[in-house]
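Hi,

Here is the structure I promised to pass on. Have a look at it first, then read my notes underneath.

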Amino acid sequence: MIDLFKIFTFGGLTLWQKKYNDVPPSVINSLVNDVFIDKKKSPSTSDQNIYHKDHYTLQWKISEELSLNFVVVYQSLLQLPYIEELIEAMKSVFISFYSDLIKKRQDSGRTLEIQVDFSKFEAVFDMKLAEFENQYNKRSNHREVAAAPADTDISSSKNDEGTSSSDSEETASGISTPSGAATTKRRARRSKKSKSSLAPPAATADKKKPVKQMRKWNDDGTINDTADSTELDYAASRNQSSDSLKKPLSNDNALMQFEVGDVNNWGKADKSGNFILSELSAEVDNIISENKSKKNEEETTNKSAFDFFKNIVGGKTMNRADLTIALAAMKDHLLKKNVANEAADHLCKTVEEALLGTKTSNWTSVQATVQTAMHSALRRILTPTTSVDLLYEVKNSRASRKRPYVISVVGVNGVGKSTNLSKIGFWLLQNKYRLLIAACDTFRSGAVEQLGVHVNRLQELTNRMGGGEVELFDKGYGGDAAVIAQKAVQYAESNGFDVVLIDTAGRRHNDKRLMSPLEKFTKLAQPDKIIMVGEALVGTDSVQQARNFNSALGNTRNLDFFLISKCDTVGDMVGTLVNMTYATNIPVLFVGTGQHYTDLKTMNIDWAVNLLMG
Ligand SMILES: Nc1nc2c(ncn2[C@@H]2O[C@H](COP(=O)(O)OP(=O)(O)OP(=O)(O)O)[C@@H](O)[C@H]2O)c(=O)[nH]1
Ligand SMILES: [Mg+2]
């Protein structure tokens, strides 16, 4: 119902704004001129800082600490009692997210070059605004209901226990970014979720795990790691029977570095009973609730000291020279985030083409304009063009055919194929599917045993959770992985399994001899989905890795998704997410964020873009 929310500096630079309807620039200009420059209307004459212009009402709050003004514009005809509270809430969230960065920039005298990505704030803003509007609508409805005739059936319109109409908005898919009040409630419930009776296994209490070393990648795509540099080695005992794998697990099994993780990090079941993975944006909720508990920031009503609009920029037509300077800085920034040179060049070119000859908006510098355009370019590159609702596809396939749904992972050595395959398995078990996990890494010593340990653990957990079932399919070492995979699918079909998860051997992407069996594997196993696991640490080489794996599948088959593992180890250097998608146009479906079964998240584009631009 509001028309505009705008955050701008005392210098006149718009940091962030959200427009719902066009508002003539003269409206904000009048506020600035009348209230802050000419002081025709002193803000102190009104408790709520309200100003009227034409048929608009403007309300604002100041953060003196950051020299920022938070303004809302709406039609004067509307009575919106929540505006004061909305501005206050958003002001405190904004300050909490960005005060350090903005202060740093101000201290260095580069007020007009603030390069901060506000997508995180944008997502929160949409959510909070929807919440305020819903509350307001609810109150209005209640008032209407109270005035309704006595014989009116009001049972469906009024319910304070969480079954109101806004709750029915819950979406079935956990893939898309949640928004709106329903999501907020859902998240609030999630954060309140008490510890489940599903405690982690005893071994997980051991905190003295070896610290994992960051892998080093050489320029040619090989791994600087002696353990990994051995070729795909046949296990010492070829064709070894793996019955021993089916023994009950000992908790100190060295192969098992894996834990179940904090149950609060688990996803949750939706209304249809689907277990949905949690998203990275859930962290935002914690920040909001912390902010809520804080007291309001300092606020001032005396603005006499403000030095407004000294540095107004805007309306500038951008030429190649302007853009070259801004884009060079942007490229540097992207490279530091592990974006490959080739992908960074492509992104900068896209932005340049989009902006050349256009004008900067009011109060917006070239740098800020480039930043906004880069933000959009990154979003575009990361946004999938195909369905990423894997759960839906599994369900549909089970309903329509006898063949189980087949998912396979591929990737170079040690990137986390087996562990992340097991995480996917855990998620499917939470959704009560019957899984067959096929050990088709028949080369590396210990690979089958490692998978056996995962299967045992998963079975143990499934027994405690109830529902779901998991079994290992293995033929020891030395066999043809493609044939074993085919047999696994046949076995699964004749034994009523829902899903087959196929683990494969790690292979160097630039070694043709190791890559060529992938085509045969694809033909025999016919996976519904082939997920390439790439690790976040790899950076630049990920472009070539993705291309090589994709082309090794043959002319008739492509990779379906990427899973980027070890995102927890790279901080904000998540360029690999962009590199692989840029190289192949194939989307990232999951990100691995740790060594627990629950450390698998659906890709959240806002989260990624925020890290890349931050
Ligand atoms: N920190 C972190 N570690 C991970 C993640 N995913 C996997 N790992 C760890 O990475 C290591 C290698 O994982 P594996 O699953 O054995 O990798 P792989 O690709 O199957 O290895 P090969 O079969 O030898 O090619 C293990 O120590 C895992 O616990 C993740 O998301 N974060
Ligand atoms: Mg493996």
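**Around the ligand, then the sheet**

A side-chain N or O atom of Asn-420 sits 3.2 Å from a nitrogen atom of ligand 1. Bear in mind that this is a predicted model. Two other contacts go to oxygen: a polar side-chain atom of Lys-423 is 3.4 Å from an oxygen atom of ligand 1, and a polar backbone atom of Val-415 is 3.1 Å from an oxygen atom of the ligand. On its own, ligand 1 has 650 Å² of accessible area, and the protein covers 92% of that.

What makes up the shell? It has 23 residues, with Lys-417, Thr-419, Arg-444, Asp-568 and Gln-595 the closest. Sorted by class, 15 are polar, seven are charged and one is nonpolar. The biggest share comes from helix α11 (residues 417-430), which puts in five residues.

Now for the sheet. Five strands make an open, antiparallel sheet, running β2-β1-β5-β4-β3. At the edges are β2 (14-19) and β3 (50-53), each of which pairs on one side only. From one strand to the next, the twist averages 20°.

Inside the sheet, β4 (residues 56-63) and β5 (residues 68-75) pair antiparallel over eight bridges. If you want a spot to zoom in on, try Trp-60, which stands opposite Val-71 in β5. Helix α1 (residues 25-37) packs on this sheet and touches β1 (4-9), β3, β4 and β5. The direction of α1 makes about 60° with that of β4.

Cheers

Definitions and conventions. Residues are numbered from 1 along each chain as its sequence is written. Chains are lettered from A and ligands numbered from 1 in the order in which they are written. This is a predicted model: local features need pLDDT of at least 70, side-chain atom pairs count only at pLDDT 80 or more; totals for chains, interfaces and linings use all residues. Side-chain values use heavy atoms; hydrogens and water are left out. A residue is near a molecule or strand if one of its heavy atoms lies within 4 Å of it. A polar contact is a pair of N or O atoms within 3.5 Å; within protein, one must be able to donate a hydrogen and the other to accept it, and residues adjacent in sequence count only if both atoms are side-chain atoms. Accessible areas come from the Shrake-Rupley method with a 1.4 Å probe; for residues, only the protein chains shown count as cover. Helices (H or I, at least four residues) and strands (E, at least two) are DSSP runs, numbered from the N terminus. Ala, Val, Leu, Ile, Met, Phe, Trp, Tyr, Cys and Pro count as nonpolar, Asp, Glu, Lys and Arg as charged, and the others, Gly among them, as polar. Two strands pair if DSSP finds at least two bridges between them. Axes are lines fitted to C-alpha atoms, for helices over the stretch in contact, and angles run from 0 to 180 degrees between N-to-C directions. Contact means heavy atoms within 4.5 Å.
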